[in-house]
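Here's a walk through a protein chain, residue by residue where things get interesting. Have the model open alongside the text and click along as you read.

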Amino acid sequence: MMGVMQQVVREEGLVRGLLTPGLSASLTRSCIYGGYRVGLYSTIRDNLLFLSDNGGTSCSSHVVGVRIASGMVTGGIGAMLTCPLDCIRTRMQAEAGKVTNGILETGLRRGHPVRYTSMLTTFVSIVEKEGWARGIYRGATVTVARASLLNGAQLASYDTLKKLSNQEEGPMLHFLCALASGVIAQTVVMPIDTIKSSMMVGNNWNNIWQNLRVNGPVWLYRGYLPACAGQGLIMVLQMPLIEEFRRLLGVAAI
């Protein structure tokens, strides 16, 4: 991981190489997706618990199951709405590199002309050349499945770990539970994450099966450590901030 990062920084610089590729699509997607997946979670969880009228403890299998189901529902809804942005982000990140006279000198597509210059041009280009189902919604089934599993594992583990700790709500509790839930969630969804990324850059199921036959199941966990680091960082930044905003707005903690 460090070797790849050093090469990218050396060839393209820190900002252009690591921080900005696909940033506009990532930020837009995060605002919409995050609002649905986290904002709706508590409401759906509490309503499902009320409807089921189960008297189990806060960490019983029934309650944990409801948390997982609630997270999967909100994650799936958010992913369905933001799947085009997910595809745009992946394409823009794959297009990253140093450009001279319209030709990429570095990156995955070095030696090829630049295809995408902004979020809007990426969207228009994909729809015009590839259509909706085979283009902008390419891999939507995998994307929604991945988001459902990720959010179910993420929010259910975060919610349950907080209850198991028996600690008072606070930044340190939120930080530790967020970090652990990020690692748990990424472990659950890593195989789907690998398949989704492979499909969004143009591969099909035949390519994926070929990779599995050649490299074995370990191929599905390629890039696991940086993925866990990324997911853990997202959670430790996101969840404490969300919990603090909820507190300031007078809304109960997740």
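## Starting at a glycine

G223 is partly exposed, with a relative accessible area of 36%. What you're looking at is a predicted model, so keep that in mind throughout. G223 sits in the loop that links α10 (205-215) to α11 (224-248). Follow the chain back 33 residues from G223 and you get to M190, whose C-alpha atom is 8.9 Å from that of G223.

## The whole chain

Zooming out, the chain holds eleven helices and two strands. In sequence order the pattern reads α-α-α-α-α-β-β-α-α-α-α-α-α, with the two strands coming one after the other in that string. Of the 254 residues in the chain, 41% are buried.

How much of the contact set with a separation of 6 or more comes from residues 24 or more positions apart? The share is 71%. As for the outside, the accessible surface of the chain adds up to about 13,600 Å², and carbon and sulfur atoms own 65% of that.

## The nonpolar cores

The largest nonpolar core has twelve residues, among them V38, Y41, L155, Y158, L173 and C177. A178, M235, V236, M239, I242 and I254 belong to this core as well. Which elements give two or more residues to it? They are α8 (140-165), α9 (171-200) and α11. The top contributor is α11, which gives four residues.

There's also a second, separate core of eight residues, and its members include A25, Y116, I126 and I136.

Back in the largest core, C177 is worth a click. Setting aside neighbours within four places in sequence, C177 is in contact with Y158, L161 and K162. Of those partners, Y158 is listed in the largest core too.

## Around the end of α8

S165 is part of helix α8 and is partly exposed, at 24% relative accessible area. S165 and C177 are twelve residues apart in sequence, and their C-alpha atoms are 9.2 Å apart in space.

N166 falls in the loop between α8 and α9. N166 isn't a glycine, yet its phi is positive, at about 55°. Is N166 buried or exposed? With a relative accessible area of 68%, N166 is exposed.

## A buried arginine

R45 belongs to helix α4 (residues 41-52). Buried or exposed, what would you call R45? R45 counts as buried because its relative accessible area is 9%, which is under the 20% cut-off. Not counting residues up to four places away in sequence, R45 touches V66, R67, S70, D159 and I254. One of these, I254, is also a member of the largest nonpolar core.

Another arginine to look at is R29: its charged end sits over the ring of Y33, 4.5 Å from the ring centre.

## Ring pairs

How many aromatic pairs does the count come to? There are two aromatic pairs. Here they are with their geometry.

| Pair | Centre to centre | Angle between planes | Type |
|---|---|---|---|
| F123 and W132 | 5.8 Å | 75° | edge-to-face |
| Y221 and Y224 | 5.7 Å | 65° | edge-to-face |

In the F123 and W132 pair, F123 is partly exposed at 28% relative accessibility, and W132 is partly exposed at 48%. Over in the tyrosine pair, Y221 is partly exposed with a relative accessible area of 34%, while Y224 is partly exposed at 24%.

## Cysteines

A disulfide is a covalent bond between the sulfur atoms of two cysteines. How many disulfides does the count give here? The count is zero. Take C83: the nearest cysteine sulfur belongs to C87 and is 6.9 Å away. C83 is in no disulfide, because a disulfide needs the two sulfur atoms within 2.5 Å.

If you're wondering where these thiols sit, C83 is buried, with a relative accessible area of 1%. C228 counts as buried too, at 10% relative accessibility. C177, listed in the largest nonpolar core, rounds out this look at the cysteines.

Methods. Residues are numbered from 1 along each chain as its sequence is written. This is a predicted model: local features need pLDDT of at least 70, side-chain atom pairs count only at pLDDT 80 or more; totals for chains, interfaces and linings use all residues. Side-chain values use heavy atoms; hydrogens and water are left out. Buried means under 20% relative accessible area, exposed over 50%, partly exposed in between (1.4 Å probe, protein chains only). Contact means heavy atoms within 4.5 Å. Accessible areas come from the Shrake-Rupley method with a 1.4 Å probe; for residues, only the protein chains shown count as cover. Rings of Phe, Tyr and Trp (its six-membered ring) pair if their centres lie within 6.5 Å; planes under 30 degrees apart count as stacked, over 60 as edge-to-face and the rest as tilted. A charge sits over a ring if NZ of Lys or CZ of Arg is within 6 Å of the ring centre and within 35 degrees of the ring normal. A nonpolar core is a set of buried Ala, Val, Leu, Ile, Met, Phe, Trp, Tyr and Cys residues joined through side-chain atoms within 4.5 Å.
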